[in-house]
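Me: I'd like a close look at one part of this structure: how its charged side chains pair up. Start with a single pair, then work outwards to whatever surrounds it.

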Amino acid sequence: MRVQIYTDGVGGRIELNGINVSQACRSAELRFEQGHRPRLELELAYIQPVDFSGEVRVILPDATRELLERLGWTPPENDDGAVNGS
């Protein structure tokens, strides 16, 4: 995966395969170890826990869907288009 990180020491931007994911990240840590590919660890923004069980229809914004697909996600096939863009 290709990553680009831009920072001014206070804030910045993180791009994964050309997609800006900064708004979804709480923190990022880039590690370099001799003999290994650099490792980027991203912590996503905190989301409140939810206890739910049942059928739902999931709608993903186009940018989210494109990012997930570029990261290797394959959307499930559903008759009602349950996982689709906006």
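Reply: Let's start with E43 and R26, which form a salt bridge whose closest N and O atoms are 3.4 Å apart. E43 belongs to strand β5 (residues 39-44) and R26 to strand β4, so this pair ties together parts that are 17 residues apart in sequence. Keep in mind that this is a predicted model. As for how open the two ends are, R26 has a relative accessible area of 52%, and because the cut-off for exposed is over 50%, R26 counts as exposed. E43, at 37%, is partly exposed.

That pair isn't alone: a search of the whole structure turns up six salt bridges. Staying with strand β4 for a moment, which runs over residues 25-31, the next one to look at is R31 with E29. Their side chains meet in a salt bridge at 2.8 Å, N to O. Both partners are partly exposed, R31 with 37% relative accessibility and E29 with 38%. This pair is also part of something wider: salt bridges with shared partners link E29, R31, R39 and E41 into one network.

What does L30 touch, leaving aside its neighbours within four places in sequence? The contacts of L30 are I5, P38, R39 and L40. R39 is a name you have already met, as a member of the charged network. E41, also in that network, comes up again in the backbone geometry: its C-alpha atom is 6.4 Å from that of L30, although the two residues are eleven apart along the chain. L30 itself is partly exposed, with 38% relative accessibility. Together with V3, I5 and F32, L30 forms a nonpolar patch on the surface, and the four have about 360 Å² of accessible area between them. In soluble globular proteins, nonpolar side chains tend to be buried together. Against that background, this patch is one to keep an eye on while you rotate the model.

Now over to strand β2, residues 12-16, for another charged pair. The side chains of R13 and E15 meet in a salt bridge with an N to O distance of 2.9 Å. Is E15 buried or exposed? E15 has a relative accessible area of 13%, and since buried means under 20%, E15 counts as buried. R13, on the other hand, has 32% and is partly exposed. Once its neighbours within four places in sequence are set aside, E15 is in contact with R2, V3, Q4, Y6 and N20. Notice V3 in that list: V3 is also one of the residues of the surface patch, and so E15's surroundings lead you back to L30's patch, because E15 is in contact with V3 and V3 is grouped there with L30.

Just past that strand, there's a backbone detail at N17. N17 sits in the loop between β2 and β3 (19-20), and its phi is near 50°, a positive value in a residue that isn't glycine. Most residues other than glycine have a negative phi, and most peptide bonds are trans. N17 is partly exposed, at 27% relative accessible area.

What about the nonpolar interior? The largest nonpolar core has six residues: I14, L16, I19, V21, C25 and L67. L67 is in contact with L16, I19 and V21, again leaving out neighbours within four places in sequence.

Finally, zoom out to the chain that holds these pieces. The protein chain has five strands and one helix, and from the N terminus the order reads β-β-β-β-β-α. Of its 86 residues, 15% are buried. Taking contacts between residues at least 6 apart in sequence, 30% join residues at least 24 apart. About 7,300 Å² of the chain is exposed, and carbon and sulfur atoms supply 49% of that area.

How values were computed:
Residues numbered from 1 in each chain as written. Predicted model: local features only at pLDDT ≥ 70, side-chain atom pairs only at ≥ 80, totals over all residues. Heavy atoms only, no water. Patch = residues over 30% accessible without salt bridge, like charges linked within 9 Å, V, L, I, M, F, W, Y side chains within 5 Å. Areas by Shrake-Rupley, 256 points an atom, 1.4 Å probe, with all protein chains shown as cover. Helix = DSSP H or I, 4+ residues; strand = E, 2+ residues; numbered from the N terminus. Buried < 20%, exposed > 50% of the residue type's maximum accessible area, 1.4 Å probe, protein only. Core = buried A, V, L, I, M, F, W, Y, C linked by side-chain atoms within 4.5 Å. Contact = heavy atoms within 4.5 Å.
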